[in-house]
Number of protein chains: 2
Amino acid sequence: MAGMDVNKRKTLAERVKEQLAQAIVSGEILPGVTLDEGDIATRYGVSRTPVREAIRDLAAMGLVQVRPHRGAIVTRPEPQQLAHMFEVMADLEGLCAGRAARCMSIFEREELGRVQAHLGKMVRDNDIPGYRVANEEFHSTIYEGCHNRYLIEITLATRRRLSPFRRAQFMSAGRLARSYAEHDVIVSAIMRADEAGASAAMRAHILVVENTFEQMGFVPA
Amino acid sequence: MAGMDVNKRKTLAERVKEQLAQAIVSGEILPGVTLDEGDIATRYGVSRTPVREAIRDLAAMGLVQVRPHRGAIVTRPEPQQLAHMFEVMADLEGLCAGRAARCMSIFEREELGRVQAHLGKMVRDNDIPGYRVANEEFHSTIYEGCHNRYLIEITLATRRRLSPFRRAQFMSAGRLARSYAEHDVIVSAIMRADEAGASAAMRAHILVVENTFEQMGFVPA
DNA sequence: GATGATTTGTACGTATGTATA
DNA sequence: ATATACATACGTACAAATCAT
């Protein structure tokens, strides 16, 4: 039957990990906040054991930092470290786009065109939430198009680590239109299999996003 | 006193993790082998609790894979996945070299020159173990030269994941000389701050290493 | 396919180390 | 600086799931 087994039989540790990860990347739990094993255990109705395992997993993802005997805190990178991560994010997305330009099938390129057309509609409608969703799909389509599971893995991992520090909802209408125009450059480069062009265009696109963040001077409490 | 505190006060989980990681990357424990929590616990003289934490950490590093309720095995990637990782390793090292060409200080460039000169001596002496050590130093020098902590982090993490599948000790004398020549191209590009040149040269250099592995058709038992 | 053996997952108690008065 | 309080690290017991027969 369709949609069966949504509550897949997962371990408690896995479920706690997913919940905590979601809370962190969504900004529900802010960087710098300490994670108390006991509190979390009682809040989720489990013992401290799976909570500990979940926290260790989150630490390995870079979402939290554990200080031996002193508990874990949600990661709050130094501004420079954050800048480094944004720069590498741009490089990684550039690599994805370059490979996509080289490797995408005809069908995948057509799909990318449809995604970009949908983005255009969101811009014309000035539908910012819709744009954000379609934007995610745009980038995901290019990730998949790189045809390299490992590159996708580290790109997504980096994006997840940066999530707590993105505030794309602050995106202005002007930025929306410029973003769409940048996408157009990327798409056309991919369509003509211009690897270097696609890579450079994507890298520049992501760096603009970074600069937007930096201009905001956003520092989580 | 010199060399004090080698047994730094670490948690048991950390020490078990380090020991297991070393055993895995060195090939002492082969890919595909299952890790029995009980066995490991008794072998290290600890309880299962820190062993479980260590295994979860190793899983997050990609060194092992945990199947819920079915134990953990040392990661044995599919050949294609391994190829993907080698390709990305080349890209990452290329990014490091490109940034190094842009960012290295005068002093760092001089240091790189000394490291390369030392490599040359190893080649002339046909000292393969010495070359391997100096080669590690060469790449580490470039990693540091990229001045981006996060890029270094993911590059080292990728190298560690690939370690079980490297068998550089099989390097021939001819390959040694060619490797040194490739290094020369990289170094000269970095010296003249040629970012694109350094990046491309490094990427090509690593891809040659990959092909060497593939030609060997190495598949761990 | 059912049953027993083995291994993992979870709960809980105690010890140890850290922070605070 | 010492002691007290508290959170984490570790060990152990039990429950649940997998596997072997």
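**Exercise 1. Find how many residues surround DNA strand D, and describe the surface that they form.**

Solution. Step one is to count: in this predicted model, DNA strand D is surrounded by 17 residues, and the closest are A:Gly71, B:Thr11, B:Leu12, B:Ser47 and B:Thr49.

Step two is to ask which elements supply these residues. Helix H2 (37-44) of chain A, together with helix H1 (12-25) and helix H3 (48-61) of chain B, each give at least two residues to the surface near DNA strand D. The most comes from H3(B), which contributes three residues.

Step three is to sort the residues by character, which yields five nonpolar, eight polar and four charged residues for the surface near DNA strand D.

**Exercise 2. Locate B:Ser47 in its chain, and decide whether it is buried, partly exposed or exposed.**

Solution. Begin with the position: B:Ser47, one of the residues closest to DNA strand D, belongs to the loop between H2 and H3 of chain B.

Next, count the neighbours. A residue is called buried when 20 or more other C-beta atoms lie within 10 Å of its own, and exposed when there are 12 or fewer. B:Ser47 has 13 other C-beta atoms within 10 Å, and therefore it is partly exposed.

Finally, place B:Ser47 relative to another residue of its chain: B:Ala100 is 53 residues apart from B:Ser47 along the chain, and their C-alpha atoms are separated by 45 Å.

**Exercise 3. Describe the surface near DNA strand C, and state which element gives its largest share.**

Solution. Start again with the count: there are 16 residues around DNA strand C, and those that come nearest are A:Thr11, A:Leu12, A:Ser47, A:His69 and B:Gly71. The elements that give two or more residues to this surface are helix H1 (12-25) and helix H3 (48-61) of chain A, along with helix H2 (37-44) of chain B.

The element with the largest share is H3(A), from which three residues of the surface near DNA strand C come. By character, the residues of this surface fall into five nonpolar, seven polar and four charged.

**Exercise 4. Work out which turn and which shift lay chain A on chain B, and name the relation.**

Solution. The general idea comes first: two copies of a chain are related by a rotation about an axis and a shift along it.

For this pair, a turn of 180 degrees with a shift of 0.1 Å along the axis lays chain A on chain B with an RMSD of 0.1 Å. Such a turn and shift are the relation of a two-fold axis. Within chain A, the C-alpha nearest the axis belongs to A:Ala60, and it is 2.9 Å from the axis.

**Exercise 5. Describe how chain A and chain B touch, and explain why the copies are said to meet through the same surface.**

Solution. First, count the residues on each side: 19 residues of chain A are in contact with 19 residues of chain B. On the side of chain A that touches chain B, the elements that give two or more residues are H3, helix H4 (79-103) and helix H7 (149-162) of chain A. H4(A) provides the largest share of that side, namely seven residues. The residues of that side comprise nine nonpolar, four polar and six charged.

Then compare the two sides: 100% of the interface residues of chain A are also interface residues in chain B, so the copies meet through the same surface.

**Exercise 6. Describe the elements of chain A and the order of the strands in the sheet of each chain.**

Solution. Begin with the inventory of chain A, which has nine helices and three strands. Along the sequence, these follow the pattern α-β-α-α-β-β-α-α-α-α-α-α.

In chain A, the three strands form an open sheet with the order S1-S3-S2 and antiparallel pairing. Strand S1 (34-35) and strand S2 (64-67) of chain A are the edge strands, since each pairs on one side only. S1(A) pairs with strand S3 (residues 71-74) of chain A in the antiparallel sense over two bridges, and A:Thr34 stands opposite A:Ile73 in S3(A).

Turn now to chain B, where an open sheet of three strands also has the order S1-S3-S2 with antiparallel pairing. Here B:Leu35 stands opposite B:Ala72 in S3(B). H3(B) lies across S1, S2 and S3 of chain B, and runs at about 115 degrees to S2(B).

Notes
Residues numbered from 1 in each chain as written. Chains lettered and ligands numbered in written order. Predicted model: local features only at pLDDT ≥ 70, side-chain atom pairs only at ≥ 80, totals over all residues. Near = placed C-beta within 6 Å. Helix = DSSP H or I, 4+ residues; strand = E, 2+ residues; numbered from the N terminus. Nonpolar A, V, L, I, M, F, W, Y, C, P; charged D, E, K, R; others polar. Least-squares fit on C-alpha atoms with pLDDT ≥ 70 in both. Contact = placed C-beta atoms within 7 Å. Pairing = 2+ DSSP bridges. Axes fitted to C-alpha atoms, helices over the stretch in contact; angles between N-to-C directions.
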